[in-house]
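Trainee: Could we go through this one together? I'd like to put some questions to you as they come up.

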Amino acid sequence: MKRIFRSLSLVLFFISQMLAVGSDLDWSKQPALGAEPAFKVPIPVRFQLTNGLKVLAISNSKLPLIAMGLVIPGAGSATDPTGQAGLAAFTADLLDESAGMLGALQISELQDRLGSKISAYAAVDAAFVDVSCLTRTLDATLDLFATIVTQPTFDAGEVKRVHNDRLTNLKLRRDRPREVAAILFNEMLYGAESGYGHATAGYVKEFEKLDSAAARGFYEASWDPAKMTLVVAGDINPEQLRSKLETRLGSWKRVAKAALKTLPSPPANLDTRLVLVDRPNAEQSDTHFGLVGIKRTDPKRAAFEVAVEVLGGGFTGRLTQRLREQLGYVYHAYSSMDFRRELGPFFSGSCLSHPENSRWNQGNHRHGAGPRREGCSRG
Amino acid sequence: MQKVVLHIFGLALMAIASHSAPRLPLESYTLDNGMRIILHEDHSTPMVAAVTLFRVGSKDELPGKTGFAHLFEHLMFKGSANLPDGLMDRILEEGGGWSNAFTTQDHTVYQNMAAANFLEAMLWMDGDRYARLLEVFDLSKLDNQRDVVRNERRQGVDNVPYGQAPIIAQEMLWPKDHGYHWDTIGYHEDLQAASVDDVKAFYRKYYVPNNATMVIAGDFDPKAARAWVQKYIAWIPRAAEPNRPKYSRPKPIPEEGRVVKTDKVQVPRVYLEWRAPASFSADEPALDLAAHILARGKTSRLYKRLVYDDKIAQDVQAFNSSAEIGGQFEIVATAKPGVAPEKLIAAISEELKRFDESAPSPAELEQAQNSREAGFLTGLESSLQRAIVIAFYDALAGNPNYLEQDLARYRNVTLRDVQGAVKNWLKPDARIVMIFNPEEAK
């Protein structure tokens with residue numbers, strides 16, 4: 001009976017939908033939203049390899065693809081040794097240039113033949129290795145991934161080539177105003193000598209001195225499998241995965257040990273500072289505007305995230321609404337909070353065309369104060 | 001250790017031998033008003049996407065009004081009869097989603113994404129703006145988005161190192177009276193010239209249901225979706241088929257064209273450009289794979305020669321971009337400091353000449369095929385991306401169910417196909433060469 005009633009309701013629903021069509025509708029009324037759908041958060045299978053490496057595995061077989069992310073806390077640029085800015089990023093970049101018996105060309109060729117991608121890079125708090133592959137090439141991709149992360153050889157020839165490429169890139173950085181603005185912003189906020197204040201990619205003068213031995217030393221001190229987490233998602237069977245990973249990564253031991261460097265605390269009192277970098281005849285000015293925010297473990301994090309979204313998220317963010325949709329001053333205006341182990345930076349940014357810079361400054365200040373004064377409204 | 005290496009290579013070869021294509025279950029039909037509707041269910045997350053592709057892009061613009069198709073795209077978010085300016089964003093962002101769009105040379109694609117219970121609201125909003133935009137349109141909206149788009153151009157073109165290159169490339173590759181002669185972003189003076197009457201005429205001509213394909217993808221009940229499409233979209237009256245500008249096949253480029261420019265940069269960059277085949281035409285897959293063989297990965301011919309071995313380039317890339325009535329193949333290389341651009345051009349030319357002498361090796365082709373297929377499949381992970389791909393299949397290949405055929409046309413490419421495509425399309429005397437030098441070198 002219940003089933004018949006439900007079927008009848010459905011038929012009536014569809015008839016009512018069909019009857020009220022097009023111009024007969026009261027278009028001024030937004031249709032009522034149906035019940036909010038339940039979202040079942042995928043629960044990862046968790047296990048540890050014998051060396052302590054933590055694994056989170058989520059099975060999803062919609063497409064014949066697998067994605068993996070290895071997180072290496074303490075191997076990011078915040079732990080660059082003094083005078084060696086850029087070392088964490090350089091080290092991560094070198095892993096897939098020579099490993100085991102493989103050189104850079106072989107590693108690259110293998111990835112292409114497998115349809116796999118393996119890329120290692122350093123952010124501020126951690127280094128990461130991202131992997132993607134087809135289901136059918138998982139075993140071979142894991143072989144290659146394990147070789148890259150556990151047996152990097154820092155071959156002198158490959159290191160020299162990558163060093164030269166990265167050095168050139170540092171020299172060309174001043175052609176890219178957005179990058180210049182971001183780097184100067186962090187320097188001003190934290191101090192160029194601090195873990196969070198220096199450029200992750202480094203600086204020409206310090207980078208020139210880096211070499212294979214420095215990278216090997218950083219790898220041995222900072223890439224500790226017992227501290228790492230590997231997240232695997234996609235077309236996998238978690239039990240089979242566990243065995244595959246144990247075989248390839250379970251015996252990986254760190255060569256040496258070193259405590260994580262303690263970061264200098266951000267300055268307690270920040271005066272308002274304005275840094276201008278002149279780029280004659282530039283079409284626009286790239287701006288970074290912000291202050292030191294909170295730690296990612298801060299209990300106020302959720303409230304902060306909402307505030308950042310209200311200010312500069314999506315198209316409804318206040319910055320976009322005012323600077324773009326009302327005033328037409330910018331194409332894009334946003335705000336962001338980088339939640340880190342220590343106090344991360346909060347900033348808003350935009351590309352402003354001349355001569356509206358002065359008007360933009362007024363707009364930004366007013367809206368920076370908005371969420372605190374007015375509270376948040378869904379209307 | 002040698003054993004490990006052999007083991008990896010062995011598995012790689014095995015991997016190449018087995019192929020399985022994912023399927024995209026879908027149903028498609030045409031409304032009485034001519035709009036194509038495609039439903040693609042995927043209940044893996046409680047989200048739904050509604051994508052509408054209109055067959056209008058920058059090639060449909062008139063001279064002196066370039067950039068208009070894209071500028072118009074912005075205006076579709078500025079409100080319609082029952083949808084005040086900004087309401088669409090508020091509704092969808094409150095639903096954990098968003099609304100956006102992009103414009104190409106041939107198409108304009110609108111995307112809505114939100115929680116599954118927002119599908120009816122999406123179709124209500126789309127129905128209103130696809131039928132009743134002009135009732136509340138005025139000059140202030142046009143002026144506002146004109147400013148926004150001009151800032152978009154400054155941010156994406158004018159204030160970017162080497163940013164003028166794509167614009168100059170199109171100007172040199174296609175004749176003045178061809179719709180691919182100008183870039184989608186348009187020229188500042190043309191954007192400034194756009195009028196309210198232009199907006200009205202454009203909307204009435206191209207934003208008609210018989211010029212569109214809508215794809216709904218994600219977590220929805222197909223019966224409810226069909227009913228809502230009927231309710232909010234099917235009533236929009238069919239209109240005349242757009243009488244769009246017609247372009248005849250341009251005369252072949254008779255000889256190499258060269259242009260030298262300066263920019264606020266420290267090292268030179270060279271661009272080699274050719275006309276290329278149209279989307280879904282016979283040579284497209286072979287030229288796509290040629291781009292991989294030339295510049296994808298460290299063992300690709302150009303990367304290995306210019307960057308890895310000779311160390312004369314900081315980077316090198318190759319792209320094949322096909323569009324509805326033609327395509328563009330380009331090779332871009334940035335010089336190492338102190339290296340003359342001519343040296344890069346000579347090395348690239350030599351590598352292309354090697355295709356005359358011999359076809360690529362089977363290993364090169366396999367790498368290109370695997371790498372391309374993996375990248376393509378990764379791009380299908382989200383239901384939104386699948387909706388966009390399906391919409392393009394419907395509009396360009398004439399079949400929304402084209403996925404298997406699409407994968408097959410790349411798997412079936414032979415060594416001779418690649419060699420032939422390079423020989424036919426990337427001729428040294430049919431190319432455009434652009435050199436960007438640092439301003440100091442004036």
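Trainee: At what angle do helix α12 and helix α16 of chain B pack?

Mentor: Helix α12 (residues 341–357) and helix α16 (residues 415–425) of chain B pack at an angle of about 125°, and their axes are 9 Å apart. Axes here are lines fitted to C-alpha atoms, for helices over the stretch in contact, with angles running from 0 to 180 degrees between N-to-C directions. α12(B) is therefore oblique to α16(B), since angles under 35 degrees count as roughly parallel, over 145 as roughly antiparallel, 65 to 115 as roughly perpendicular and the rest as oblique. Before we go on, this is a predicted model, in which local features need pLDDT of at least 70 and side-chain atom pairs count only at pLDDT 80 or more, while totals for chains, interfaces and linings use all residues. Residues are numbered from 1 along each chain as its sequence is written, and chains are lettered from A and ligands numbered from 1 in the order in which they are written.

Trainee: Which residues meet there?

Mentor: From α12(B), Leu352(B), Phe355(B) and Asp356(B) meet Gln419(B), Val422(B) and Lys423(B) of α16(B), where a contact means that the C-beta atoms, placed from the backbone, lie within 7 Å. By class, that contact divides into 3 nonpolar, 1 polar and 2 charged residues; Ala, Val, Leu, Ile, Met, Phe, Trp, Tyr, Cys and Pro count as nonpolar, Asp, Glu, Lys and Arg as charged, and the others, Gly among them, as polar.

Trainee: Switching to the interface, how many residues does each chain put in?

Mentor: Chain A contributes 67 residues to the contact and chain B contributes 69. On the side of chain A that touches chain B, α3(A) gives the most, with 9 residues, and the whole of that side has 30 nonpolar, 21 polar and 16 charged residues.

Trainee: And how does α3(A) pack on helix α13 of chain B?

Mentor: α3(A) packs on helix α13 (residues 362–378) of chain B at an angle of about 65°, with the axes 6 Å apart. Glu109(A), Asp112(A), Arg113(A) and Leu114(A) make the contact from α3(A), while Glu366(B), Gln367(B), Asn370(B) and Ser371(B) make it from α13(B). Those residues divide into 1 nonpolar, 3 polar and 4 charged.

Trainee: What about the largest nonpolar core, which residues touch the most other members?

Mentor: In that core of 89 residues, Val48(B), Val51(B), Leu119(B), Ile216(B) and Ala391(B) touch the most other members. A nonpolar core is a set of buried Ala, Val, Leu, Ile, Met, Phe, Trp, Tyr and Cys residues joined through C-beta atoms within 7 Å, and a residue is buried if 20 or more other C-beta atoms lie within 10 Å of its own, exposed if 12 or fewer, and partly exposed in between. Helix α14 (residues 383–397) of chain B supplies the largest share of the core, 9 residues.

Trainee: Why does Met337(A) count as buried?

Mentor: Met337(A) counts as buried because it has 21 C-beta neighbours inside 10 Å. Met337(A) lies in strand β10 (residues 333–337) of chain A.

Trainee: Last thing, what is the phi of Phe280(B)?

Mentor: Phe280(B) has a positive phi of about 60° although it is not a glycine, whereas most residues other than glycine have a negative phi. Phe280(B) sits in the loop between β8 (269–276) and α10 (284–295) of chain B, and is partly exposed, with 19 other C-beta atoms within 10 Å.

Note on methods: Two residues are in contact if their C-beta atoms, placed from the backbone, lie within 7 Å. Helices (H or I, at least four residues) and strands (E, at least two) are DSSP runs, numbered from the N terminus.
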